[in-house]
Amino acid sequence: MIYADNAATTQMSEKAIKAMLPYMEKIWGNPSSLYSFGQEAKDAMNFAREEIAHCLGAAAAEIYFTSGGSESDNQAIISAAKIGAKKNKRHIISTAFEHHAVLHTLDKLKREGFDIELLDVHENGIVTPEQIKNSIRADTALVTIMYANNEIGTIQPISEIGEICRAAKIIFHTDAVQAAGHLPIDVKAQNIDMLSISAHKFHGPKGIGALYARKGIQLVNIIEGGAQERGKRGGTENVPAIMGMSAALSDACANMAANNSKLLKLRQKLIGGLIKIPHSTLNGDADKRLPGNVSFCFEGIEGEALLLHLDDRGICASSGSACTSGSLDPSHVLLAIGRPHEIAHGSLRLTLCENNTEDEVEKIIAAVGEVVEYLRSISPLWKDKVIGKREFILPA
Amino acid sequence: MPLYSAKVMDHFRNPRNVGSIENADGVGEVGNAVCGDIMKIYLKIDNDIITDVKFETFGCGSAIASSSMATEMIKGKPVSEVLQLTNKAVTEALDGLPAHKLHCSVLAEEAIKAAIEDYQSKHK
């Protein structure tokens, strides 16, 4: 099997698994318990908090453990909205291609009377600092912009946006689920007030994430309960998962430069191979993208059929076609960068990690080429384009 | 459980009657590129019997499988019988489709009916 869907989830690293085991086998006490057996788990958890804080440039007291990226996004946005509403500020700035954990939370706030402004991300999939600057109003409560997009991998100008928001005294949250462990993050230097991460995107376990909230930001509970996480997130902490997340993030950050230099070579080779397919296009900026992200559209075919044939060839990938999104519309990300519906249906996302090899990339290039050619050979849409009955949208 | 039945996957992997017919007696095309599926059916009809049928499909796995299955179901059948074909029958022959994919079988039914209408309009 060739796994090329690392933006969906990653294989757990051995280090992460090994870091978890003792907290399932031996030190399984409740960190809230008074006795030393429970306190041992608490000490470990606090060590993990220190490590995670260190990786993000934060203080340990600013890290809250959550169930993952979605919960972190929800809590960050709801909290900022509440802080804003107290001062009668109900304007929120974001982008059209955020993750649904952000967009659906913003939808909810919109129904509660908030004014949600989703900025255009242009064909290259990047919002500009000027757009942020121009959108800020006296009643802006929050700016929430993802660090890097989950489908097309484009990296946003986070430091510049952070600077603008800090100067305007507006809370800045970033969904860094795709970036953590893959791109350098320093919340202090980058003026980030809140940041969401999810462990399973960097070889950690599923079902665990963290929210960084700068000291002084009053969080609102999404989950009410006990006094865990300084009263901001009820529920007995998932200590094994927390230990796995911490080990995975430290490992990813320690090896970031080496991993990325390897990944960049693989990514460029893959892009170079796929761009040779006629009437295809790379989605998102060619340079300012995650080192493992390759996103393409192929004219005249549909993405789900492409995925099924790749699966038959042992390749795991994903698509933004309507048939894979479970709705009638193709991916909102591809539509946000201006891809017409027809083109967005023919999308393919391949996301590599440092464990992929050049040999695998060559196999992917060959397989995608074959499958696209085959699907085009049975596509009446493609045939119409070839005979000139319909116009090609993407250049040859 | 996999997304699709073994039958759907078989017809998707090895579609029957794929291609086109030159000088077809009836051609039907339904769907559109914006929605992500287009089906085109070509019929050869002799003495009111479907003697040959081919299809081309732009669409997902279930769209390709539905077209393939539908062409198998009508080959050799009289036109009057083919006009009774329902998307339900196509779905059942495929051992079912996920709920959000049922429209694929509807497209197959519609494409075949459009091809027969084309034939009938030419042979009035």
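**Exercises on a predicted two-chain model**

The area buried between chain B and chain A is about 1900 Å², and carbon and sulfur atoms give 61% of it. The model is predicted.

**Exercise 1.** Describe the contact between chain B and chain A, starting from its residues.

*Solution.*
Step 1. Chain B contributes 26 residues to the contact, and chain A contributes 22 residues.
Step 2. Of the area that chain B buries against chain A, 27% comes from B:Phe12, B:Glu56 and B:Phe58, more than from any other three residues.
Step 3. The rule finds eleven residue pairs in polar contact across the interface of chain B and chain A.
Step 4. On the side of chain B that touches chain A, at least two residues come from each of helix H1 (6–13), strand E2 (37–46), strand E3 (49–58) and helix H2 (61–74) of chain B.
Step 5. Sorted by class, this side of chain B has 14 nonpolar, seven polar and five charged residues.

**Exercise 2.** State how many salt bridges cross the interface of chain B and chain A, and examine the pair A:Arg390 and B:Glu29.

*Solution.*
Step 1. Four salt bridges are found across the interface of chain B and chain A.
Step 2. One pair is B:Glu56 and A:Lys383, whose side chains meet at 2.7 Å, N to O.
Step 3. The side chains of A:Arg390 and B:Glu29 also form a salt bridge, at 3.1 Å, N to O.
Step 4. This pair crosses between chains: A:Arg390 lies in the segment after H15 of chain A, and B:Glu29 lies in strand E1 (residues 26–32) of chain B.
Step 5. A:Arg390 has a relative accessible area of 28% and is partly exposed; B:Glu29, at 32%, is partly exposed.
Step 6. A network of salt bridges links A:Asp384, A:Arg390, B:Glu29 and B:Lys40.

**Exercise 3.** Classify the aromatic pair A:Trp28 and A:Phe37, then the pair A:Phe296 and A:Phe298.

*Solution.*
Step 1. Over all chains, the structure holds three aromatic pairs.
Step 2. The ring centres of A:Trp28 and A:Phe37 are 4.9 Å apart and the planes stand at 85°, so this pair is edge-to-face; the cut-off for that class is over 60 degrees.
Step 3. A:Trp28 is exposed at 58% relative accessible area, while A:Phe37 is partly exposed at 29%.
Step 4. For A:Phe296 and A:Phe298 the centres are 5.7 Å apart and the planes are at 10°, so the pair is stacked.
Step 5. A:Phe296 is buried, with a relative accessible area of 0%, and A:Phe298 is buried, with a value of 0%.

Terms used:
Residues numbered from 1 in each chain as written. Chains lettered and ligands numbered in written order. Predicted model: local features only at pLDDT ≥ 70, side-chain atom pairs only at ≥ 80, totals over all residues. Heavy atoms only, no water. Contact = heavy atoms within 4.5 Å. Buried area = accessible area lost by both parts, 1.4 Å probe. Polar contact = N/O pair within 3.5 Å; in protein donor to acceptor, adjacent residues only side chain to side chain. Helix = DSSP H or I, 4+ residues; strand = E, 2+ residues; numbered from the N terminus. Nonpolar A, V, L, I, M, F, W, Y, C, P; charged D, E, K, R; others polar. Phe/Tyr/Trp six-rings, centres within 6.5 Å; stacked < 30°, edge-to-face > 60°. Buried < 20%, exposed > 50% of the residue type's maximum accessible area, 1.4 Å probe, protein only.
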